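Colleague: Please take a close look at one part of this model, the sheet and what surrounds it, and describe how the chain that holds it meets the others.

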Amino acid sequence: MDLARLVWRNLGRRKLRTTLTMASLVVAFFLLCTLRSLVTTLQSGADAASASRLIVQSAVSLFVDLPQSYQSKIATVEGIEHMSKWQWFGGYYQEPRNRFAQFAVDPEETLTIYPEMQVIDGSVEDFYANRRGVLIGEGLVEQFGWKVGDTVPILPELFPHPDGVGVAWEFQVAAVYRPTQRNFDAKMFMFHWDYFEDTVKAGSGEAPGVGTYILKLAQGVEPTSVMASVDALFENGPQRVQATSESEFQKQFVTMFGNVPFFVSTIGGGVLIAILLAVINTMLMAGREQTHDIGIMKALGFSDGDVVRVLAQQSLLICVLGGALGIGLAKLAEPGIADAVGAMFGGYEVKRGTMLFGAALTVALGVFAGFAPAWRAARLQTVDALASKD
Amino acid sequence: MKLVPITYNLRSLLVRRGPTILTVLGIAATVATVAGVLALQQGFRSLYAETGRSDLAVILRPGATSEGVSAFTREGAVRIQKSTAEFEDGPDGQPLASLECFLAVRRYRVDGGETNVPLRGVQQATFALRGDELRVIEGRNFVQGADEVIVGRSITDRIRDCHVGDVLSINVTPFKVVGIFECDGPFESEIWGDFDRMLAALERFGPNRVLAKLRPGADVAALDARLREGRETPATAATERAYLSGQTEVLSAILIFLGGFLGLVMGIAAVFTATNTMLSAIAARTYEIGILSATGFRPFPIFVSFLFESLLLGLLGGVLGALLVLPLNGLETGTTNFQTFTEVAFGFRITPTVIATAILFSLALGAIGGTLPAWRAARMKPTEALRRQ
Amino acid sequence: MTARLNARSTDPHAPPAAARGLANQTNPMGQGIDLQRVTKTYSRGGETLRVLDELDLAMEAGHFYALMGPSGSGKTTLLNLIGALDSPDSGHVVVGGEDISRLGRGELADWRAANVGFVFQGFNLIPVLSALENVSLPLALTPLSRSQRRERAEYALELVGLADRMSHRPRQLSGGQEQRCAIARAIVTDPAFLLADEPTGDLDRESADQVLELLRRLNSDLGKTILMVTHDPHAAESAQRVVQLDKGRLLGVTDRAEAAH
């Protein structure tokens, strides 16, 4: 007869109550892990950043383009090895909810700048040779079932097709890449700058601006000095620019979420308080029911510490079991949630850190919730406990 | 049929203080969380949907879902401004219509980090259109043609360089902040300046939209249809009210989804807690139930009695939860409106809808949580109940 | 092992209780119970109740005492003091040579575990545990191995005649069986003292007689010092000596053997 068995039997004493409490814990920890994962996902974009890449963007607004003439001026700054124009295309496939990142890029430069893209289907040469060709991430292949050779129509929102409103741009899948690094977007859609520019010109007669210039620095070059030099080039206009490291560039999208991470944390706090109260409630009820047993144990010569352990372990066991199930469920639901929130939280992932954090929380919760009944049990007078009717 | 006296339930909740308080607090935490999210959604919605005017027309480029992605050539916009029959004339005989340019510009928060703040260039007609809606509460309005701006009240303390006397650089042009304005609507998060000076500073050439006062009884749908057909400058028209409520869809949907999702998930946990509490309440009162039963109370009144007790628990939690979120009312916060990619500041609003939802939600939690235990109590055989002490 | 068990079950009255460790070897004769000027008061509803009033009482080791008296005479309080469930306001309670009125809370628990076994009117078995688990519960406080604990608990249950009820839960036992199970639990750690509070109070006559017979045997065969609170004269007949209490004072101690002669 170990006390462990008594702990276990006591949990089985009110099966419905134990089940309901555990179910609450499962639900709460599922929610906590999912909420926290949303926040970490939001913040992890910057993790994939490389220190040797710089982004040049307008210092005025995210929505302002830079002139194409800037390219040759930026190229004069020493230490820049490669450079590509990028423009956000901002269209969708068939329906507005099918949004992903589409960019007009300089193909060869881009693939040199981003070695994280490993072509796994089609070929780099086909992509370079095909004017309408597009390089897509394998995430898009999974989502839409596209394959090499398919023609993909994209409906524009920012760059109307010269043939009229509501006409789709058509691209041909030339190559598929797989990110070699976690957190690198697997759902990008990249096509030829030349095709983009010619088509836009055919409509408006004007060459499109450049959203961002992506720079790759030569080995050993100090990024801050390049940034300063690029910024200085256009200090007096016509458009001031802001050269940033790749991670800073990503972070601006994170900060745009403003107080969202804070809201999410607050909500998480609410969930935690609610579940804490629920578990304390259960444990107090359990403790009260076991008052008489506690009296018996004390009469038999068990110490206050033994009694505390029996109660605290029940609390711990409920919390750890329920919590672990909840955390597991959050991990299991990862692909489903990633699909549901993918548009805003690309690369949704329940990180190891989140699961460890959840695990630590279950233990803390168990200890905390077990404290009240255990404290009460320890202080009970044996005679009173034996006289208890419960 | 004889009902069990309510005092019986009240006394029981009072006697079993510990579980009662914990359950009520648990339900309150759940209700407060859900109500908080809902209050956010209400604040956001009221900011847009309830402030838009139906006597103003917003003219955009076809296909543009918001003014940020709309663009006109200056000539085209002026043509619409000057020659649309549905626009009302001002006292000077000119149409009450204004060209506006709009850009979300990079700004720095006072507490660090970048954000996008809407910058709006307006012609003087805008002020005639807005009338009392917009009030300069500090300093003065900007002078036409000058490099001056006025700043919305809700961002002055949140964004750098936004107090009267500060100098705010737009691209390479310094603008002086000369006033702070107040406005019932999303404009309080914006920076306003002279239309032509803004275009010049931003190196742009045309407006994003035309805003005009409609003649009484003007047919917006017909105007929209006619503008869409326009050969040289196709355009769309909508009332400002319709336009603004369209701007809230995404964030509003996110918040409603979040509120619903949280309500469901946390609600499940809260229901379980209520069930547990009621089960233990009933276990502790088995003997009493036996007496009630032996006294001649039928199962149904016993069921009703315990369900009522559970509803009471829920209601107490709901009221407490509503009280907990009440201080949030009016508290301002900011987040990005994903439709315009600009930061908007808005307050939590505890509307009657929020309170009613919170209370109904808490009653639902109590009802669902109480059903099983109440049913168990009602089913108990008096002899058994009396035997077990 | 199996052979030994079998051998024992064929002959329940076979000797080796001492060999099994259930005979009282720890406490030499003469180390009985000695109460000196013990006072205990309770306050109920603002009123102070003097339950025991400067009580002096000595009881010899190895004897079977019955403690009698009307309700409120302080019987149970006295039992609780001797069993270290409660502490006196003043005076000394010396049990088995140890002045337990001087011990702290934790020391009292250890002392109880080593020296006394309790039998209650309401049996006080833990409902979620089987008979065997209930009996082996106190052994969790000893350094015995798991198999040793099991063996001892099984033997204690055999001794009280519940060998075939080991895996039953208390609710599945009759009142008499529950009480015998509780007695098995009380003796499983081989305490010198057995304290019983109205052990037959909730039992029918037949079950009560079985329990009393069991207590007598524990006294005579295993040398346990037994103190039994009862208000039933029939039950008291099982004891060798009867202690009479009234209003917290000692009325007298009668030796039944002497009284009979």
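Modeller: What follows covers the sheet of chain C and then the contacts between chains. This is a predicted model, in which local features need pLDDT of at least 70 and side-chain atom pairs count only at pLDDT 80 or more, while totals for chains, interfaces and linings use all residues. Residues are numbered from 1 along each chain as its sequence is written, and chains are lettered from A and ligands numbered from 1 in the order in which they are written.

Chain C holds an open sheet of six strands with mixed pairing, in the order β6-β7-β8-β3-β9-β10. Helices (H or I, at least four residues) and strands (E, at least two) are DSSP runs numbered from the N terminus; two strands pair if DSSP finds at least two bridges between them. β6 (116-119) and β10 (249-255) of chain C each have a single partner strand, so one side of each is left without a neighbour in the sheet. From one strand to the next, the twist averages 20°. β9(C), residues 241-246, runs antiparallel to β10(C) and is joined to β10(C) by six bridges; C:Leu245 stands opposite C:Leu250 of β10(C).

Helix α2(C), residues 75-82, lies across β3, β7, β8 and β9 of chain C, at about 150° to β8(C). Axes are lines fitted to C-alpha atoms, for helices over the stretch in contact, and angles run from 0 to 180 degrees between N-to-C directions.

As for the other chains, 22 residues of chain C are in contact with 20 residues of chain A, contact meaning C-beta atoms, placed from the backbone, within 7 Å. α3(C) gives the most to that side of chain C, with six residues. No contact joins chain B and chain C, whose closest C-alpha atoms lie 12 Å apart.

Technical notes. Contact = placed C-beta atoms within 7 Å.
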